[in-house]
Structure formats: structure tokens, C-alpha cells
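Reader: I would like to go through this model with you, one question at a time, beginning with the contacts between charged side chains.

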Amino acid sequence: MIEINEKIKSLKVLYVEDEELAREKLGKFLERKFSTVKLCSNGLDGFLAFQDAYSKNEKFDLVISDINMPKMDGLEMFEKIKEIDKDIPSMLITARTETEQLLQAIYLHIDSYIMKPIDLNIINERLDRICNDIFYKKSYENQKKELQTYLDILNQEAIVSKTDLSGKITYVNEGFCVVTGYEESELIGKSHKLIRHPEISKDFFKTLWDTIQSGKIWSGTFKNLAKDGSTFFVNTKIIPIFDSSNKEIKEYIAVRFLVTEDELKKRESYKKYLEQVTQYKKAISQLVSEKELLNKKIIDLSNANISLENKASQNELKRKQLLNQLEAYEKNNLEYDKLNLMTKQDKSKQFDQMYRALNSIKSLNKRQEKTINDLETMLSAKTGELDSFIKKDLENKKRINDLKDLVTNLQKENEELKKQKKSIF
């Protein structure tokens with residue numbers, strides 16, 4: 001809205017009024033509303049001012065005039081002005097309502113007719129309406145000129161077509177006919193379904209139509225089918241064209257650039273990239289599984305190692321306890337049974353008992369030592385296996401990180417390709 005108000009303020013207005021008080025009052029109001037206002041006191045001066053500005057390509061955007069004036073009345077002035085510019089927006093202000101004047105105003109296509117005394121609120125409302133129409137008409141004319149300029153350029157380089165609101169083709173350029181293989185007479189009045197490739201889904205075109213029917217521009221690349229059955233890719237931009245009010249869509253224009261070979265290469269490259277990413281994902285998944293198994297084995301070996309260390313500690317403790325018991329037994333028996341050992345009858349018996357006890361303890365001690373040695377050997381082997389698993393785990397982690405870096409680089413390359421594609425399109 002701010003942009004429209006600025007555009008309205010920039011309009012050039014010619015105001016013709018012979019009554020000085022009325023000219024001064026409305027003139028000040030107009031000067032607050034518009035940046036350029038030309039005041040004239042009679043119809044002849046008004047016409048000459050309009051003619052001079054028009055010849056210098058500085059034409060007025062709006063003419064406001066009284067009817068009854070000296071030298072040339074307002075209706076005569078407008079008749080001559082419209083011989084120069086029949087579409088100039090116009091407004092009549094008068095205190096009289098003769099039928100003949102009203103009919104003449106209608107014949108001259110006067111845009112607004114306001115009765116005196118002037119109500120500034122009413123004239124402001126009428127001016128806003130006329131100026132909005134001027135703004136939209138100018139916008140439309142500029143868009144039309146710009147579009148025609150682009151069309152002249154595009155007709156030499158691009159594949160261009162126009163369709164009506166129902167999608168029927170109303171125009172095709174020579175490039176369109178060359179690429180599709182159809183004659184112009186075979187295309188006019190037909191739908192673009194004639195060149196639609198069967199691989200393109202209905203949802204794709206539904207999204208396309210929803211976009212352009214909402215007044216937005218649609219851009220994209222898709223596959224088409226030529227008359228001879230061959231396929232071609234086009235980078236397409238479909239633009240809604242609005243009517244002079246800039247409110248209603250009246251047609252659509254599609255501008256395409258042929259990108260078949262380039263698009264096929266990109267699609268093949270992207271396909272290989274996807275396959276490679278899939279393979280890497282499988283490899284990563286397998287390595288992750290292997291890593292989990294290794295971690296489980298490491299935990300199991302660590303638990304087994306702890307268990308063996310506990311058993312070794314217990315056996316070492318038992319061995320020390322047995323040695324202590326043996327020393328205490330030998331000491332106690334030697335001191336306690338010293339007299340009995342000196343007796344002949346008991347000497348042999350006591351000696352045998354002590355010998356058996358000693359051998360039993362020594363045998364038990366040897367078994368304990370063997371058990372400890374076996375446990376130490378097993379512990380050493382498990383430690384080596386654990387070191388091997390740890391080394392393998394580190395290698396797998398490195399492989400996983402390398403694969404992740406590779407996937408990340410591939411994804412960055414893919415994003416770069418997409419950006420390049422968008423900048424090209």
C-alpha cells in the first residue's frame with residue numbers, strides 16, 4: 001500500500017478552473033496529494049499546456065476541469081485532448097447538470113463527474129479510485145512492454161508457449177515446434193498433455209497448476225515427449241499474466257530452455273551418488289554391528305579377566321593359609337609330642353602321621369600352584385586377545401570416521417550441484 005501511495009503521489013495532474021477561489025482551494029488540496037500540479041484558468045490554456053507536455057513526452061496522468069469557462073469550455077477542451085490521447089483519465093467538476101452536457105461527457109468517456117460545491121472528501125475518494133486505476137494500468141502497460149521485450153529475446157533463444165486459463169495452447173514460437181516436432185496448427189487449441197511424458201505423475205502437474213492459478217510463478221525441470229517418441233528435458237518457468245487491473249489472471253506464458261544432455265548427465269551422476277551412499281550406509285551399518293560385537297566381547301573378556309584375577313587372589317590366599325597351617329602344625333606337634341616321639345612304640349606311628357600330613361599338604365600346595373599357573377597363562381592369553389580386539393576396534397572406528405567424512409563430502413557436493421542447478425534455472 002505504501003508503494004501504491006508513493007506511485008499516486010508521483011502522478012502529474014492538470015487542473016483547469018476559471019473561478020479563482022475554487023481554483024486556489026482545490027489547487028492547494030491537489031498539491032498536497034500530488035507532487036506535480038499544473039493550474040490553468042481557461043480551457044484553451046489547459047489544452048495548450050496538455051499539448052506542450054505531451055509533445056515533450058512529459059504527459060499528464062490526469063486532467064481535472066470545470067465545464068463552463070471562457071475561450072474554450074471544459075467539454076471542448078477534453079474533445080481536443082482526447083484527439084491526442086483518447087485514454088487520458090479525466091474528471092469534470094460543474095455546477096450545472098444539463099442533459100446535453102452529461103451526454104457529451106459520456107461520449108467523451110469522462111471517468112468521473114462531480115457537482116459543485118466541491119466536497120473534498122468526495123473528490124478525494126474519486127481521485128483515489130481513478131489514481132488506483134491509473135497505477136494498475138501503468139503497471140500493466142509496463143509489464144506488457146517488458147514482457148514483449150523478453151518475448152522478442154526469448155523467441156530467439158527459448159521454447160515459448162502461451163495458454164488460456166483452461167490450459168489450451170494459444171501461442172507457440174518456432175523453437176517450440178522444432179523441439180517437439182509438431183506443427184503450429186497441430187498445437188494451437190490443444191493441451192500440453194500432447195507432449196506430457198507418461199512418467200511424470202499427476203500430482204506433479206496438480207502442484208504446478210495450484211501454484212500458477214494462485215498468481216505465483218512456477219519453476220522447475222521435467223521430462224517431455226516429442227512427436228517422434230523421443231524424450232527431452234526442459235528447464236521451465238511458467239508466469240501468470242494479469243489483466244489491466246492487475247487483479248485477474250488472463251493467460252499463462254511458459255518459457256523453457258532445453259537441458260536434455262546436461263540433465264541426463266546430472267541424473268546419472270546423482271543415481272551413482274545415491275548407489276554409492278547406499279553402499280556406504282550398508283558398510284557403516286555392518287561396521288557398527290561389528291563394533292557392537294567387539295564391545296560385547298571386550299566387556300565379556302574384561303569380566304572374565306576380573307573373575308580370573310579374583311580366583312587367582314583367592315587361591316594365593318588359600319596357599320598362604322595352608323603354608324601357615326603347615327608351619328603351625330609342625331611347630332605344635334614338635335613341641336607338644338616331643339616326649340612321645342622319644343618313645344619307641346609311638347615314634348614310628350607319629351612319624352608316619354606327620355609324613356602323611358606333610359605329603360598331603362605338599363600335594364595340595366602343588367595343585368594350588370598348578371591352578372595358579374594355569375590361571376596366569378589363561379589370563380595372559382585373554383589379555384592378548386583383549387589387546388587384539390581393542391586394536392581392531394580402533395581400526396574400525398577409523399574406518400567409520402573415514403566413511404562418514406566421505407558421505408559428508410558427497411552430500412556437500414550434491415548440495416553444491418543443487419545450488420548450481422538453481423542458479424542456472
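Reader: Which residue does the side chain of K116 meet in a salt bridge?

Author: This is a predicted model, and every distance here is computed from its atoms. A salt bridge needs a side-chain nitrogen of Lys or Arg within 4 Å of a carboxyl oxygen of Asp or Glu. The side chain of K116 meets that condition at 3.1 Å, N to O, and its partner is E17.

Reader: How many residues apart in sequence are the parts that this pair ties together?

Author: K116 lies in the loop between strand 5 (112–115) and helix 6 (120–157), whereas E17 lies in the loop between strand 1 (12–16) and helix 2 (20–33). The pair therefore ties together parts whose separation in sequence is 99 residues.

Reader: Is E17 buried or exposed?

Author: A residue counts as buried when its relative accessible area is under 20%. For E17 the relative accessible area is 0%, so this residue is buried.

Reader: Which residue forms a salt bridge with K33, and where does that partner lie?

Author: K33 is in helix 2, and its salt-bridge partner sits 95 residues apart from it in sequence, so to speak of distant parts of the chain being linked is justified. The closest N and O atoms are 2.7 Å apart. K33 is buried at a relative accessible area of 18%, while the partner is partly exposed at 27%. That partner is D128, in helix 6.

Reader: Which residues are joined with E17 into one network by salt bridges that share partners?

Author: By the same distance rule the count comes to ten salt bridges. Some of these share partners, and in this way E17 is joined into one network with D66 and K116.

Reader: How many of the residues of strand 3 are buried?

Author: Strand 3 spans residues 62–66, and both of its faces are covered. On one side L62, I64 and D66 are buried, and on the other V63 and S65 are buried as well. The number of buried residues is thus, by the cut-off of under 20% relative accessible area, five of five.

Reader: What is the handedness of the crossover from strand 3 to strand 4?

Author: Strand 3 runs parallel to strand 1, with four bridges between them, and L14 has V63 as its bridge partner in strand 3. Four bridges also join strand 3 to strand 4 (residues 90–94), again in parallel, and there the bridge partner of D66 is I93. Between strand 3 and strand 4 the chain passes through helix 4 (residues 74–84), and this β-α-β crossover is right-handed.

Definitions and conventions: Residues are numbered from 1 along each chain as its sequence is written. This is a predicted model: local features need pLDDT of at least 70, side-chain atom pairs count only at pLDDT 80 or more; totals for chains, interfaces and linings use all residues. Side-chain values use heavy atoms; hydrogens and water are left out. Helices (H or I, at least four residues) and strands (E, at least two) are DSSP runs, numbered from the N terminus. Buried means under 20% relative accessible area, exposed over 50%, partly exposed in between (1.4 Å probe, protein chains only). Two strands pair if DSSP finds at least two bridges between them. A crossover is right-handed if, with the strands pointing away from the viewer, the path from the first strand over the helix to the second runs clockwise.
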